[in-house]
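Student: I would like to learn how to read the burial pattern of a helix and the surroundings of a strand residue. Could we work through an example together?

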Amino acid sequence: MTEIRTPRLLLRRWHDDDLAPMADIHADLQVMRWIDDGAVRDLDRTAGDIERWEEEWDEEGFGLFAVELLASGELAGFTGLSVPEFLPEVLPAVAISWRFGSQFWGQGYASEAAQATLEFALQDRGLDRVISINRVGDDASENIIRKLGMVPERTTVHPVYGYPLHVHTIDLTEFEA
Ligand SMILES: CC(C)(COP(=O)(O)OP(=O)(O)OC[C@H]1O[C@@H](n2cnc3c(N)ncnc32)[C@H](O)[C@@H]1OP(=O)(O)O)[C@@H](O)C(=O)NCCC(=O)NCCS
């Protein structure tokens, strides 16, 4: 099952009409501040991103969910699972991540989607461990990580950008769904 409903959200695969709202999210410097080199992304780059995210669903059986607000049908961003190929030292591993439009921050949507994603990882995909990787200083992500019950695993350095990263982990066999 690749569709999940939470009290306020629909987590689902990507549709063609997600491109414009996701490109708006990627055009916001505030959103991109802690991601890769901090640069905004244009429509073409976002289209390539969505294509790759959908390929990961087909290849791995998990991926990044488009997160839609049930009340309005708006695309708020994504939360989901991916293989963190950019950081070979942690592999094999599956990582949880999130990215929401800034107008959707501060309402608990990312935490609600992340909780549902961990339940999906355990119950639907049978994963026993999920990690998270964030740039040191990204306190909003660390707040979610803490609330999920993830624990520090290591501090390391981004292989391309050279800045420090925190890696957290959760043993899903002890996760309270
Ligand atoms: C990381 C990111 C998703 C966090 O967003 P966020 O709005 O802080 O997180 P949430 O949606 O879970 O909202 C949490 C806050 O909403 C508020 N809130 C309001 N209503 C709420 C509700 N019903 N339930 C829970 N929290 C609620 C709380 O203040 C809560 O903060 P607290 O846990 O300190 O009390 C967001 O900052 C983002 O998209 N950033 C850009 C992308 C990025 O950096 N991604 C990470 C790269 S590794």
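Student: Which residues of helix α5 are buried?

Tutor: Bear in mind that this is a predicted model. In helix α5, which spans residues 139-148, the buried residues are S141, E142, I144, I145 and L148.

Student: Why do these residues of α5 lie on the same side?

Tutor: The general idea is that an α-helix has 3.6 residues a turn, so residues three or four places apart point the same way. In this case the buried residues of α5 cover an arc of only 160° around the axis, which puts them on the same side of the helix. The face turned away from that buried side carries the exposed residues D139, A140, R146 and K147.

Student: Which elements do the buried residues of α5 pack against, and what phi does G149 take?

Tutor: The buried residues of α5 pack against the strands β5 (95-100), β6 (129-135) and β8 (164-171), and also against helix α4 (109-124). G149, which comes just after α5, takes a positive phi of about 85°.

Student: Turning to strand β4, is F78 buried or exposed?

Tutor: A residue counts as buried when its relative accessible area is under 20%. F78, whose place is in strand β4, has a relative accessible area of 2% and is therefore buried. Not counting residues up to four places away in sequence, F78 touches W14, M22, W53, L64, F65, V67, S97, W98, R99 and F100.

Student: What is the relative accessible area of S82, and which residues is S82 in contact with?

Tutor: S82, found in strand β4 (residues 75-82), has a relative accessible area of 16% and so is buried. Leaving aside neighbours within four places in sequence, S82 is in contact with E56, F62, A93, V94 and A95.

Terms used:
Residues numbered from 1 in each chain as written. Predicted model: local features only at pLDDT ≥ 70, side-chain atom pairs only at ≥ 80, totals over all residues. Heavy atoms only, no water. Helix = DSSP H or I, 4+ residues; strand = E, 2+ residues; numbered from the N terminus. Buried < 20%, exposed > 50% of the residue type's maximum accessible area, 1.4 Å probe, protein only. Contact = heavy atoms within 4.5 Å. Arc of directions from axis to C-beta.
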